[in-house]
Amino acid sequence: MSQPAAPSLPEPMPRTENFLRRIVVGPAFSAFTRLTVEGHEHVPATGPAMIASNHQSYLDSIVIPIAARRPVRFIAKAEYFTGTGVMGAINRLWFGGMGAIPVDRADPRAAVRSLELAEEVLRAGGAFGIYPEGTRSRDGRLHRGRTGIARIAIATGAPIIPCAITGTADVQGPDEKGIHRAKVTVRFGPAIDVASLQAQFTKAKLLRAITDATMDAIGDMSPQERSGRYASDVNAEIAAREAGETLGDA
């Protein structure tokens, strides 16, 4: 059986993105969450930039472009583009209009291809949003970062802008479908000094040093407890525990 075609980079839709971010979704979301943005001066207005953020809610990929005040592209689950009903239509409109890149996470090539697509965005002078934890935190803690962000930074020379979001999990938790009114704050920090780390470390140690420096910067701006573990491992334990509790109640 032939392998499915690798995902390609969708063409940006600047008019649609601008309409959604600045006129439709942005003002409504900002008012609903009483959005506060700190450190916006650290976000380059133009040119390549990686915005590296903590991740507690589906809404993080909505709030970051609004707070950054520029288009920010993300890797998005392919399901966001194939859903049905009202929510499916909303997802397709937002993620398609914002230039999100659909990737089938069941495809074993997805992780590698995601890095390649991120590099394409950055080499074209765009901004790319990335969650170094790799997935949403289901226990609210800030988990260990994956080194993909460091690989992208080294390959492209794009600055890493650390970002800490608080409040989106109160608006919509990782396992919730409804939303609640709650205050959201986005904090951007100074770019990570990758050049200094390159002068001190090489190879795998450099990748880990850049990643850890990014997570430390996010942690300094976030009230989250640090776990020192990967989010995927913690989430798997939570899921297994919840499955056991469900079987016990049956």
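Hi everyone, this is a short walk through one structure, covering its sheet, a helix lying across it, the nonpolar cores and one buried serine. Please keep in mind that this is a predicted model.

Let's start with the sheet. Five strands make it up, in the order β1-β8-β7-β2-β5, and the sheet is open with mixed pairing. At the edges sit β1 (36-38) and β5 (127-130), each of which pairs on one side only. From one strand to the next, the twist averages 20 degrees.

Now look at β7 and β8. Strand β7, residues 160-166, runs antiparallel to β8, residues 185-188, and four bridges join the two. Which residue in β8 is the bridge partner of Thr 166? That would be Thr 185.

Next, helix α5. Residues 148-156 form this helix, which lies across β2 (49-53), β5 and β7. Relative to β2, helix α5 runs at about 165 degrees.

On to the cores. The largest nonpolar core has 31 residues, and Ile 51, Val 63, Ile 64, Val 186 and Phe 188 touch the most other members. Two or more residues come from each of α1 (14-33), α2 (60-68), α3 (85-97), β7 and β8. The biggest giver is α2, with six residues. Another core of 25 residues lies apart from this one, and its members include Val 103, Leu 122, Ile 149 and Val 194.

Finally, find Ser 222, in the loop between α8 (203-221) and β9 (226-230). Is Ser 222 buried or exposed? Its relative accessibility is 9%, so Ser 222 counts as buried, the cut-off being under 20%. Beyond its neighbours within four places in sequence, Ser 222 is in contact with Asn 54 and Ala 164. Thanks for listening!

Methods. Residues numbered from 1 in each chain as written. Predicted model: local features only at pLDDT ≥ 70, side-chain atom pairs only at ≥ 80, totals over all residues. Heavy atoms only, no water. Buried < 20%, exposed > 50% of the residue type's maximum accessible area, 1.4 Å probe, protein only. Contact = heavy atoms within 4.5 Å. Pairing = 2+ DSSP bridges. Axes fitted to C-alpha atoms, helices over the stretch in contact; angles between N-to-C directions. Core = buried A, V, L, I, M, F, W, Y, C linked by side-chain atoms within 4.5 Å.
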